[in-house]
Amino acid sequence: YNADQKRAYSKSFELNDHLRLEKILRKTNHFFCLSYDDCFEIRELYEWAYIYERKWFYNTANSPAPGK
């Protein structure tokens, strides 16, 4: 959400894209898995959803994690 989207993604989201996605997911009867960086805005937008905190190493350079 707050990440440097131009560097990380070839197709980045604008604010309206995030809002549209939340609206669609709020209405679905299906389970879903959504990954975002943890930030206040996302927690506020998805306050109605079950949020399971997970931490993992990832990068956009497509290289192994340190020490691997």
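This passage describes the helices of one chain and the surroundings of a histidine in the second of them. The model is predicted, so that local features need pLDDT of at least 70 and side-chain atom pairs count only at pLDDT 80 or more, whereas totals for chains, interfaces and linings use all residues. Residues are numbered from 1 along each chain as its sequence is written, and side-chain values use heavy atoms, with hydrogens and water left out.

The secondary structure of the chain consists of 3 helices and 0 strands, where helices (H or I, at least four residues) and strands (E, at least two) are DSSP runs numbered from the N terminus. Of the 68 residues in the chain, 13% are buried, a term that stands for under 20% relative accessible area, with exposed meaning over 50% and partly exposed in between (1.4 Å probe, protein chains only).

Helix H2 spans residues 15-27, and the buried residues of H2 are His18, Glu22 and Leu25. These residues lie on the same side of H2, because they cover an arc of only 70° around the axis, the arc being that of the directions from the helix axis to the C-beta atoms. On the other side of H2, the exposed residues are Asn16, Arg20, Lys23, Ile24 and Lys27.

His18 counts as buried because its relative accessibility is 4%. The side chain of His18 also makes a polar contact, at 2.7 Å, with the side chain of Tyr36; a polar contact is a pair of N or O atoms within 3.5 Å, of which, within protein, one must be able to donate a hydrogen and the other to accept it, and residues adjacent in sequence count only if both atoms are side-chain atoms.
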